[in-house]
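Hello,

Here is the structure I promised to hand over. Please have it open as you read the notes below it.

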Amino acid sequence: MRIKFGLFLFILTAWLISWSTLPAVWAQTQGQSTEQAAPSPAPQQAPAQAPQQAPQPAPQAVTPAPPAQAPAQTVEAAPEKKFKSLAEAIEQGKTDGVFQPDAAPGYLGIPGAPSPNLILAFFWAVWVGWIFSTVGAFGGIMAGVGHLTVFGLGDYARSFKNSSPYINKLVTDSIRVSNQYLVGLSAAISTLNYYKLGRIVLPLGIALGLGSVFGATAIPWLTAGKIKLSQYQGYFGLIVLVLGGFLTYEMTPAGAKSKKEAKAAARAFEQSIKEKKSEAEIAAMGVKVNSFSLSRVSFSFFGVEFKFNPLWPFIGGIVIAAISSFIGVGGGFLYVPFLTSVTGLPMYIVAGTSALTVLISMITSIANYMMAGALVSWSLVGVELIGIFVGSMVGPRTSKYIPEKGLKILFIVLAVYTGLRYFSKGFFGTSWVPPY
C-alpha cells in the first residue's frame, strides 16, 4: 500500500510542480518586457544638463543609448501581439523581416519552414506504431522525437522565441496535437487487437479513461497558445527521465518484492507461447472479470487473480491525462508504470489496457486542442497515420515473443535516453546525448 500511495503522490507532485512553475515563468517574461521600457527617462535628463555647460550638448548628442533601445522594445513587446490567423502573422512577419518574402513555404505553409520528407515520415511512423503497440507507451514520445528532432521542427520553432513568439507557440501546439493524432490511431488499433487476444482489463481501462477525460479537457484550454518550446521540451524530458529511474528501481530485487502475482501470470503466459498454443487457446486463458463493484474489481489472467479499487485508477487517470496532455503525448509512459506498480499487472496485459486508456484520453485531448485553434499539417500527418496503421498491426503479434523483462528494459532505455535529451535541450539549450 505504501508503494501505491507513494507512486500516486509522485505523479501528483510532478504535475503540481510543472503546472505551478509555468505562471511564474510567464510572469517573469512579462516582467522583463516591462522592465525594458523603464530606461526611457534618459532623454529627459539631456535638456536639463544643456543650459549649465555649453560644451555639454555635443557629448550628449553622441550617446544615443535610448534610441538604440527602441528596436529592442518592439521585439520584447512581441509576446503581447495577437493575430487572428497564421496568414496574418506571416504577412506581418514579412513586413518585420522575420520571414523572407521569396522563401518557399514549408511546414504549415510558413515561408522558409522545414519540409519533412514524407518517405522518412512513413517509416518513422511505422516505428512509432510498433513501439506503442508493443509496450503500450512511448508512441507520443517517439512521435515527438520525430517532429522535434528528425524533421527539425523543434529548432525551427525555437528560432522564433524572440522574433515571433506567436509562431513559436503555434508550431509548438501543432507538434503537440500532431503527436496525439498518431498515438490516437495506434491506440485504437492496439485496443482492438489486444481485446481479441484477451489481453485488456476493460474495467481498469475504463476507470482510467473516465478520469483522463477531466485532465485531457482542462489542460488544452489552459495552456494552448501559452507554452514556449523550451518549456515544453524541458518538462517533457524531466517527467520521462524520472519515470525511467522509477522503473529501473522496480527491476531491482527490492522493487520486485510485491510483484509475485504479476510474475506468476507472466510465466504462465510465456509458457503458453513456448508450447506454441494457438491465438484462440491463449485468448481463452486471457483476462476474465470475476466480479465488479464501485469499490472492488476482481479478474484473472492465466489462472492468477488480481484485485483493485476503481477509485485509484480514476484519480490516477485525471493526473496522468493532465501531464500527458500538457506535453502533447498519449500518456502511455505514465499509464504503464501506474499499471505495473499500483495495480501490479504483468506487462503482457499492461500494453492493451494502456492503449484503451490512451484512446479515450486522445479523443478528448485532440478535440479540445482543435477547438482551441491548434493547426495540423495534414499532408504530413496523413502519411504518418498510414505508417502508424502498419506498425500497430505488427506490434501486438510480435510482443508475445519478447520476454517481460526485455519489454521493461526496452521501456527504461527509451525513457532515460529521451528524458536526458529533452530535459537538457529544454532547460540548458543543448543536448547531453546525441544527436547534439
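Two strands count as paired if DSSP finds at least two bridges between them. One such bridge partner in E3 is Glu 305, which matches Ser 300. Note that this is a predicted model.

The sheet first. It is open and has 3 strands, in the order E1-E2-E3, with antiparallel pairing. E1 and E3 are the edge strands, and each pairs on one side only. On average, neighbouring strands are turned by 20° against each other, direction ignored.

Now the pairings. E1 covers residues 288-292 and pairs with E2 over 4 bridges, in the antiparallel sense. Within that pair, Val 289 has Phe 299 in E2 as its bridge partner. The hairpin from E1 to E2 passes through 4 residues.

On the other side, E2 and E3 (residues 304-308) run antiparallel and are joined by 5 bridges. Phe 299 also stands opposite Phe 306 in E3. The hairpin of E2 and E3 has 2 residues between the strands. There, Phe 302 takes a positive phi near 50°.

Last, the strand E2 itself. Which of its residues point which way? In a regular strand, side chains alternate between the two faces of the sheet. Val 297, Phe 299 and Phe 301 point one way from E2. Ser 298 and Ser 300 point the other way. Buried here means under 20% relative accessible area. By that cut-off, 5 of the 5 residues in E2 (297-301) are buried, and the strand is mostly covered.

Best wishes

Methods: Residues numbered from 1 in each chain as written. Predicted model: local features only at pLDDT ≥ 70, side-chain atom pairs only at ≥ 80, totals over all residues. Heavy atoms only, no water. Buried < 20%, exposed > 50% of the residue type's maximum accessible area, 1.4 Å probe, protein only. Axes fitted to C-alpha atoms, helices over the stretch in contact; angles between N-to-C directions.
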